[in-house]
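Dear colleague,

Please find the structure below, handed over for your records. My findings follow it.

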Amino acid sequence: MPTMIIDKLFALLLLCLGFYIIWQGVGYGHIVNNVPGPGFFPIIVGGMLVVSSVSVIYQSLKKDGLKGIKLEVKEVLQVIAVVSSLALFIVLSQFVGMLISSIVYILLCGFSIRLSVKDKSFNWKILILSLVVTYACYLIFSKLLRVPLI
């Protein structure tokens, strides 16, 4: 399948997702008592998805936009692996919590990227990175921002 068709289909999918996120954010309420409500950030994220998708669709509709770009199977598999890791993170976080899910997500993303990295110590680096990033996020949210995590 040519790249331009994939770009259009994926951009249309993200455009629909962006509008859905905006719709859900408005349902939560974006301003509550003159402060940002629970729908404020979803509306911003949905708006960014809509703008980005429209930009990609516009660019792919131009005659000389992305002609001649070929996708390799390895690149497509990496994208599928990262998206699948994100889906697993969303499902897994409901059962084991965000901390363990974050470690698993970073590890899976790292291993999907490993297909193009020739470094022998990459496995150890991604393991250490997943632990450090997860612990740093835990410290930021629990200690600095005082968000009750448990």
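Is Tyr135 buried or exposed? Tyr135 is exposed, because its relative accessible area is 51% and the exposed class begins over 50%. Please note that the model is predicted, so every value in this message is computed from that prediction.

Confidence and overall make-up

The chain has a mean pLDDT of 83, and 89% of its residues reach 70 or more. Among its elements, helix H5 (residues 122-144) has the highest mean pLDDT, at 91, whereas strand S1 (residues 31-32) has the lowest, at 76.

The secondary structure consists of 5 helices and 2 strands. Read from the N terminus, these elements follow the order α-β-β-α-α-α-α. Of the 150 residues in the chain, 20% are buried. The accessible surface amounts to about 11200 Å², and carbon and sulfur atoms account for 74% of that surface. When contacts between residues at least 6 apart in sequence are considered, 51% of them join residues at least 24 apart.

Helix H5

Helix H5 contains 23 residues. From its first C-alpha to its last it reaches 31 Å, close to the 33 Å expected at 1.5 Å a residue. The buried residues in H5 are Phe122, Ile126, Ser130, Thr134 and Ser142, and the buried residues of this helix pack against helix H4 (98-113). Just after H5, Arg146 adopts a positive phi of about 55°.

Ser130, which lies in helix H5, illustrates this packing at the level of one residue. With a relative accessible area of 0%, Ser130 counts as buried, because the class covers values under 20%. Apart from neighbours within four places in sequence, Ser130 is in contact with Ile103, Ile106 and Leu107.

Helix H3

Helix H3 (residues 73-96) has 24 residues and reaches 33 Å from its first C-alpha to its last, close to the 34 Å expected at 1.5 Å a residue. Gln78, Ser85, Phe89 and Ser93 are the buried residues of H3, and the buried residues of this helix also pack against H4. Just after H3, Gly97 takes a positive phi of about 95°.

Which residues does Ser85 contact, leaving aside its neighbours within four places in sequence? Ser85, found in helix H3, is in contact with Tyr105, Leu108 and Cys109. Ser85 and Cys109 are 24 residues apart in sequence, yet their C-alpha atoms are 6.5 Å apart in space. Ser85 is itself buried, with a relative accessible area of 6%.

Aromatic pairs

The count of aromatic pairs comes to 4. One of them joins Phe40 and Phe41 in an edge-to-face arrangement, with 5.3 Å from centre to centre and 80° between the planes. Phe40 is partly exposed, at 27% relative accessibility, whereas Phe41 is exposed, with a relative accessible area of 57%.

Another pair is formed by Tyr135 and Tyr138, whose ring centres are 6.4 Å apart and whose planes lie at 25°. This pair counts as stacked because planes under 30 degrees apart fall in that class. Both tyrosines lie in helix H5, 3 residues apart, which is about one turn of the helix. Tyr135 is exposed, as stated at the start, whereas Tyr138 is partly exposed, with a relative accessible area of 26%.

Cysteines

How many disulfides does the structure hold? It holds 0 disulfides. As to the surroundings of individual cysteines, Cys16 is exposed, with a relative accessible area of 54%, and Cys137 is partly exposed, with a relative accessible area of 37%. Cys109 appears above among the contacts of Ser85.

In brief, the buried residues of H5 pack against H4, and so do those of H3.

Yours sincerely

Technical notes: Residues are numbered from 1 along each chain as its sequence is written. This is a predicted model: local features need pLDDT of at least 70, side-chain atom pairs count only at pLDDT 80 or more; totals for chains, interfaces and linings use all residues. Side-chain values use heavy atoms; hydrogens and water are left out. A disulfide is a pair of cysteine sulfur atoms within 2.5 Å. Buried means under 20% relative accessible area, exposed over 50%, partly exposed in between (1.4 Å probe, protein chains only). pLDDT is the predictor's confidence in each residue, from 0 to 100. Helices (H or I, at least four residues) and strands (E, at least two) are DSSP runs, numbered from the N terminus. Rings of Phe, Tyr and Trp (its six-membered ring) pair if their centres lie within 6.5 Å; planes under 30 degrees apart count as stacked, over 60 as edge-to-face and the rest as tilted. Contact means heavy atoms within 4.5 Å. Accessible areas come from the Shrake-Rupley method with a 1.4 Å probe; for residues, only the protein chains shown count as cover. The expected span of a helix is 1.5 Å times one less than its number of residues.
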